[in-house]
Each structure stands twice: as structure tokens, then as C-alpha cells.
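Let's take a friendly tour of how the parts of this protein chain are arranged and how they meet. Please keep the structure open as you read.

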Amino acid sequence: MSTLTKVLERNIKVIEKNADLTEGRFRLGHHLMPPVGWLNDPNGLCWYKGRYHVFFQYAPFDVEGGLKFWGHYTSEDLVDWKYEGTALYPDSPYDCHGVYSGSALAESEKLHLFFTGNVKIDGDYDYINEGRETSTLHVESEDGIHFGDKEEIISFEKYPEEFTCHIRDPKVWKENDRYFMVLGGRLKGDKGAVLVYESENLKEWKFKHIITTPEAFGYMWECPDYFELDGKKFLSVSPQGLKREEFRFQNIYQSGYFQVKEDGSVDERDFREWDMGFDFYAPQTFTDNSGRRLLIGWMGMPDAEEEYTNKTIDEGWQHCLTVPRELRVKDGKIFQYPAKELERLRKEKTILDDEKSIVEVRIEVNEGFDLLIEDIAVTDRSFQISMGGQMLFKYENEIAEIGFSEIAGAGRNKRKAKVSELNNIRILADTSAVELYLNDGEIVFSTRYYPDCEDLQLKVKGGKFRGNLWNLRKMIFTK
Ligand code: FRU
């Protein structure tokens, strides 16, 4: 370990030691958050030697972002988590301005991590067409905790000419004894695209082709992911530069997927957003030992500070990850639902009486809850769930909408989605984060929120339904 790495490690440990993962009004009960400072994308998600590994973009020294490291959590069951400390430091000439996003490939004896090293040259550059060097790097580990030396596997100088300097976020997978990698990029002329590479040995990578839409669909595609589910191929990307619409692309940046056609192409008309909430970006998927495909997203939104903020900044930390979601294909769409294991957080249950069309219960804000409402038959054209006037879910005229009060939303107002019917809704609510799953995960809204009282009245009205409400125990986070 170099002297620089030692100094960084020591300093991070000092600030993390003083940070309590559970202390603070908005500290979360069942969402992964940074020990201190800033978190963004989930990275290196995998199942390796009996444990789940969740790495994340981590800026421990600055709650507003800045220099990126990889933080690291592990878990045996997706319920309780251990914080393993900082896995990767920006300590080499290839990544001195940030260890950017990437993925893991878990083989039987070794865990491989692939990521982008960010280097910004000092000078008068636009940092789009010049001034930025972003090579693809690799490290490996035998125990999943300690990593060897970084090697450059694709130098920024070797990327295809038609791209700007914005190429990053490798996602690697294995198919028929060969390895493949997708990288996100910005073509010259401002068109988002994915670069596809192939390798036989994980060290030498050969550029194959690019994947992009016929028409430009945003100027940049970040954090690509490519996977098969239920015999179909999907490409997930986080495009930047789409025009906002009433029911689509409501945030500054998006995340979604295309179903890849037989000939390997994608079409912008097939793009489906992963999530309709305010705080969701840069998701990544992986498969575990049971063969399930799970997805975790960043519950945050870059460059949205002028629209909405996070009250956790005053507590010295910002952002979190979504809960792990299991993916399933139905009617050509991917449905997302909280991994079954999360039900183990449920404590006592309250049954909501379906005979009355208004049900009210008190909930403690600092205890998370899991609300499941099924067999919904909407009457009076409208179905609503409100939480003490601070949050409202509404379903009316085939439109689902979430809305927040000024205080609870910290600038978040409304987000909408078209849904032809509402059969069930599951709400996983944490102290300052809420995820709503409609129709077994056909539509999801993920959002931070900041209720300003200790308990709230939860009110469900407008139809016949079966409802169950559970208080949730908090996940155990150990350091
Ligand atoms: C997405 C992203 C990635 C990049 C990382 C840097 O949020 O911009 O493209 O690798 O964050 O933290």
C-alpha cells in the first residue's frame, strides 16, 4: 500500500469512526447509505463466496460529492449488512481524480472488479472533447475484501475515434466461455451510445461494435448493463439530455432499458423507464447463487440541487441505494419487486379493514413500515393513500401520482405515471426514503422525503381492498 493510500485510509477511518450509522433523525432503517459524506451509483454488485457484495461510489470527505472512492458493504442475506470500509482509493496515475463506476465478475476463485479511472488534465479544456482521460481498469481479489494492484486494461487512447472523452462505467459478463463488456459513452455530435468489447482472458479486450438508437436518444448514456432474462436480451442505460414530458422523462436524467432485437439493435421507441420517482439513477443488476436477477439503483439524482434537495446534508451524509429488487419479465416488460428476504424485517402486523372505504392508522415515522394493499377495486374513480398531509399517492383516470408537501418533499412536488389499472400497491417506507410498487412492480416510484413529525396518520380511501401493515425492524449495520 502506498503512502498516499495509507494517509487516505487513516483519514477516512477517523471520520467514519465519529459517524454513527444509526444516529441522526433521517438515518435509514432498511436502505444502504454512506457512513459519512456522499454516495452515488451502486458498483460491483455480486454474490461471491457466500456473500452479497455491494460497492458504491463514495465521497467520504464531502457531503456534496467530489473525489470518488468505492465504499463496500457485504451481507449474507440481503437483510443485515456489514460495512467493510473503503475498497478502492483514487491513488494511482490512472484514477487520481476519481475511481468511477464499474462492475464485478465473480468467478469461483477470484473476484474481478472493472471500473473507470477518471483523470482531468489541468488547463483550459471543455472536458468533453478534450482534457479528460478515462481508462478502463481492473483489480482482483481472492477474499472479496482485499484487492491487488490496478491494471489498465483499455487505455483512453485506444477508444474509437468517433467518441468524445466521455466513456465510462464498464459492465462485464461471461457468455459461452467468452467475456463481454459494455461501456457507456458520448459520441462526437452528442449522441449517447454503448461500446461493446470482447475478451478471452479478462486482460486483453477487443472492441467489437457500438449499440445506439437510430435517432439520438440523449447526448450521453451512463452506467450501461446488458443481461438476459426469461430468454430475452435487455440493455439498460442512464441517458442524459432527454426532453422532459408530462408522463415520461420527468427528472433531469433518466434510467431505463431497451429490449434488444434479434439483430442486436435497439430502438428509442422501446425504451422503458425503470422508475418514475424523483430519486432513482444509475441502477445495476446481477445474479446471485439462486439464479435470481436483482437490481439496485442509486436513490438520488445528479445535478438536481436547484429543484430539490436532501435534508440529510445537515447530518453530514447524502443519498442511499434502493432495496434489492428481484426482476421478472411479464408481457415484454420487466417487473421489479423487493427481494423476498426483506419480509424478514416485518414485525407486528395490523390488518386494514376492507369493508370501510376509509382506513386510518397511526404510524411512527422513525420506524419504517411495509404496507401491502391488494385486491383493490377503485370506487368513486379515485384511490388515495395519504400520510399526515405530507405525502399523497393518488390513482385517478388511469394516472398514478405521488406528491409531497413543501416540507416533506424539500422541493419534490409531483411525479406521474400512466397505468391502465391498479390492482395492488406495496409501500416500503423508511425514515427518509419511500419506494412504491404498483401492480407487483409494473411501475415503481422511488423517492426521498423528510416527514417533519414523529408520527403520521396513514389514511387509505376510495375503494375496496385487503390491506396489511407491518412495522419494520431496522437492518443491522455493523462496522
Ligand atoms: C453516474 C456517474 C457515472 C460515473 C460516476 C461518478 O452517476 O456519473 O457515469 O462513473 O457517476 O461518480
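The domain bounds used here come from an automatic or database domain assignment. The model itself is predicted.

## Two domains

That assignment divides the protein chain into domain 1, residues 3-338, and domain 2, residues 343-478. Between the C-alpha centres of domain 1 and domain 2 there is a distance of 29 Å. Domain 1 brings 51 residues to the contact, and domain 2 brings 49 residues.

## What the annotations say

UniProt, in an unreviewed entry, carries the annotation "domain: Glycosyl hydrolase family 32 N-terminal" for residues 31-338. In the model, this span is 53% strand and 0% helix, and its end C-alpha atoms lie 12 Å apart.

A second annotation from the unreviewed entry, "domain: Glycosyl hydrolase family 32 C-terminal", covers residues 423-464. Here strand makes up 62% of the span and helix 0%, with 11 Å between the end C-alpha atoms.

## The interface between the domains

How much area is buried between domain 1 and domain 2? The value is about 4,300 Å², and carbon and sulfur atoms give 54% of it. Polar contacts also cross this interface: 37 residue pairs, both residues at pLDDT 80 or more, satisfy the rule.

Now look at the side of domain 1 that touches domain 2. The elements giving two or more residues to this side are strand E4 (81-88), strand E21 (325-330) and strand E22 (333-338). Of these, E22 provides the largest share, with 6 residues. Sorted by class, this side of domain 1 has 24 nonpolar, 15 charged and 12 polar residues.

## Salt bridges

How many salt bridges does the structure hold? The total is 38, and the count between domain 1 and domain 2 is 6. It is worth zooming in on two individual pairs.

One salt bridge joins the side chains of aspartate 77 and arginine 344, with an N to O distance of 3.3 Å.

In another, arginine 473 pairs with aspartate 80, and their closest N and O atoms are 3.0 Å apart. This pair links distant parts of the chain, as the two residues are 393 residues apart. Arginine 473 sits in the loop between strand E34 (463-472) and strand E35 (477-478), while aspartate 80 belongs to the loop between strand E3 (69-75) and E4. E4 is also one of the strands on the side of domain 1 that touches domain 2.

Technical notes. Residues are numbered from 1 along each chain as its sequence is written. This is a predicted model: local features need pLDDT of at least 70, side-chain atom pairs count only at pLDDT 80 or more; totals for chains, interfaces and linings use all residues. Side-chain values use heavy atoms; hydrogens and water are left out. UniProt positions are given in the numbering used here, feature names are shortened, and annotations may be inferred rather than shown by experiment. Helices (H or I, at least four residues) and strands (E, at least two) are DSSP runs, numbered from the N terminus. Contact means heavy atoms within 4.5 Å. Buried area is the accessible area (1.4 Å probe) that two parts lose on being put together, summed over both. A salt bridge is a side-chain nitrogen of Lys or Arg within 4 Å of a carboxyl oxygen of Asp or Glu. A polar contact is a pair of N or O atoms within 3.5 Å; within protein, one must be able to donate a hydrogen and the other to accept it, and residues adjacent in sequence count only if both atoms are side-chain atoms. Ala, Val, Leu, Ile, Met, Phe, Trp, Tyr, Cys and Pro count as nonpolar, Asp, Glu, Lys and Arg as charged, and the others, Gly among them, as polar.
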